[in-house]
Amino acid sequence: MIYQRSSALFAEAKKYIPGGVNSPVRAFKAVGGDPIFVKEAKGAYLYDADGNRLIDYIASWGPMILGHAHEPVVNAVVEKAKKGTSFGMPTEIETQLAELAVSMVPNIDQIRFVNSGTEACMSAVRLARGYTGKDKIIKFAGCYHGHSDSFLIQAGSGAVTFGSPNSPGVTQGTAKDTLLADYNDLEGVRALVEANKAEIAAIIIEPIAGNMGCIIPKEAFMKGLRTLCTEENILLIFDEVMTGFRLGKGGAQEALNIPADIVTFGKVIGGGLPVGAFAARKDIMGHLAPEGPVYQAGTLSGNPLAMSAGLAMLTELNEQPEIFESLARKTAYLHEGLDGVLRKKGIPYQINRYGSMISVHFTDQAVVDFTSSASGNNDTFKRYFHGMLEKGIYLPPSAFESYFLNNALSYADLDETIDALDGLALG
Ligand SMILES: *Cc1c(COP(=O)(O)O)cnc(C)c1O
């Protein structure tokens, strides 16, 4: 395929936008080459600036779970737009989406809408600190909770020390309040809690991780986290920005049967418009302004266009929960197909899958945490990514990203994807 026009547009974009993109992963740094500029999309397909048709496995990083330009969502937004796009005043549709979300997700009574997953996680942590009166949080290496300062932290020296900034601009003062643990390592978390007795406000986790590829938590790890949090008066925050309304109506809480204290959302809940949200029991949410002292606000929060897209999306998922099973079946089919082809190629690989999330890692280690995810061979990944792109298959341009299947994908699309891999030389 030819990607000439995309390359020209990228060169032009770089003049006016840092790196040519408004979010770094889009720039293809991890795989090399120029990013694809999209012109439009419908169902499972992207149509790019050169007129190519690509089968999409990113779905805008998750939101387009029913496929692109899904008619009920588009119609809801168009109708709403005609009546005004923002008021900065309460509207009924905010309550409608809140009520629906609360009815679908276990263990939450109230929800507050924001404009991104970043805002949701940032606000959830502030709420947890305000509620518990404690300052520190624990996060897991390789989990992503948006780009607010508290989360841009890498492991410090020594296992039981505090983290250090992993971006210039994040202060040591902020970093000292974020402790780093390894995913699936309960003993490591216990040691951190012990060493910071009565100082930890919250543990935040992607309950099924999707930002170091797809990683599944061990049952004893998740159960242990829940017990530890309850015993130590620590709030367990499930970052369900990816998993919420994707793994099922009730997200990972329901899939894993583990209750969280605060849950964050983004991606699917906005139906492709900028929405995030955080939710909890009433006694926790009651600490938020204007009811309580924990401040949180947003000029465009609960924006009517965003709410109408979210409402159309969640309504369909709520009324047709078989969509989740359909997605899981398609993902299992893709898994089996890719597995069959890769087995013949004689190179080490792992495939992780949960529901409609799946990722391929070129390593012989089981991928259970950030270290094992990072052990993948990036040269092989690059050949894989670009080889598939040449054949019109659009995969995430980084080995650390999960694929998100959308329900517009047909079995013929999946077969085309598997066949594309069959023809690739990866070694
Ligand atoms: C995407 C993502 C975020 C950040 O959401 P934005 O809308 O990009 O700010 C947070 N947490 C998880 C798990 C995510 O996947």
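**Close-up 1. F28 is a buried residue with a positive phi**. In this predicted model, F28 has a relative accessibility of 1%, so F28 counts as buried. F28 sits in the loop between α1 (4–16) and β1 (38–42). The phi angle of F28 is positive, at about 70°. Yet F28 is not a glycine.

**Close-up 2. A59 also has a positive phi without being a glycine**. The phi of A59 is about 55°. A loop holds this residue: A59 is found between β3 (53–56) and α2 (71–81). Is A59 buried or exposed? A59 counts as buried, because its relative accessibility is 0%.

**Close-up 3. The ligand and the residues around it**. Around the ligand are S116, G117 and T118. Y144, H145 and G146 are there too. E206, N211, D239, V241, M242 and K267 complete the list. By class, this shell has 6 polar residues, 3 nonpolar and 3 charged.

**Close-up 4. Atom pairs between the protein and the ligand**. G117 takes part through its backbone: an N or O atom there lies 2.8 Å from an oxygen atom of the ligand. T118 takes part through its side chain, where an N or O atom is 2.6 Å from a ligand oxygen. Which kind of ligand atom lies 2.6 Å from a polar side-chain atom of D239? For D239, the ligand atom is a nitrogen. On its own, the ligand has 380 Å² of accessible area, and the protein covers 82% of that area.

**Close-up 5. C143 and C229 are buried cysteines**. How many disulfides does the model have? The count comes to 0. A disulfide needs two cysteine sulfur atoms within 2.5 Å. For C143, the closest cysteine sulfur belongs to C121. That sulfur is 10 Å away, so it is too far for a bond. For C229, the closest cysteine sulfur is in C143. The separation there is 14 Å, which is again too far for a bond. C143 has a relative accessible area of 5%, so C143 is buried. C229 is buried as well, with a relative accessible area of 1%.

**Close-up 6. D177 is a buried loop residue**. The loop of D177 runs between α5 (172–175) and β8 (178–181). Why does D177 count as buried? D177 has a relative accessibility of 14%, and buried means under 20%. Which residues does D177 contact, leaving aside its neighbours within four places in sequence? The contacts of D177 are then R129, D135, K136 and I137.

**Close-up 7. G169 is an exposed loop residue**. G169 is found between β7 (164–165) and α5. Its relative accessibility is 66%, so G169 counts as exposed. Along the chain, G169 and D261 are 92 residues apart. In space, the C-alpha atoms of G169 and D261 are separated by 30 Å.

**Close-up 8. A cis peptide bond leads from A289 to P290**. The omega angle of this bond is near 10°. Where does P290 lie? P290 lies in the loop between α9 (282–285) and α10 (304–319).

Methods
Residues are numbered from 1 along each chain as its sequence is written. This is a predicted model: local features need pLDDT of at least 70, side-chain atom pairs count only at pLDDT 80 or more; totals for chains, interfaces and linings use all residues. Side-chain values use heavy atoms; hydrogens and water are left out. A residue is near a molecule or strand if one of its heavy atoms lies within 4 Å of it. A polar contact is a pair of N or O atoms within 3.5 Å; within protein, one must be able to donate a hydrogen and the other to accept it, and residues adjacent in sequence count only if both atoms are side-chain atoms. Accessible areas come from the Shrake-Rupley method with a 1.4 Å probe; for residues, only the protein chains shown count as cover. Ala, Val, Leu, Ile, Met, Phe, Trp, Tyr, Cys and Pro count as nonpolar, Asp, Glu, Lys and Arg as charged, and the others, Gly among them, as polar. Buried means under 20% relative accessible area, exposed over 50%, partly exposed in between (1.4 Å probe, protein chains only). Helices (H or I, at least four residues) and strands (E, at least two) are DSSP runs, numbered from the N terminus. Contact means heavy atoms within 4.5 Å.
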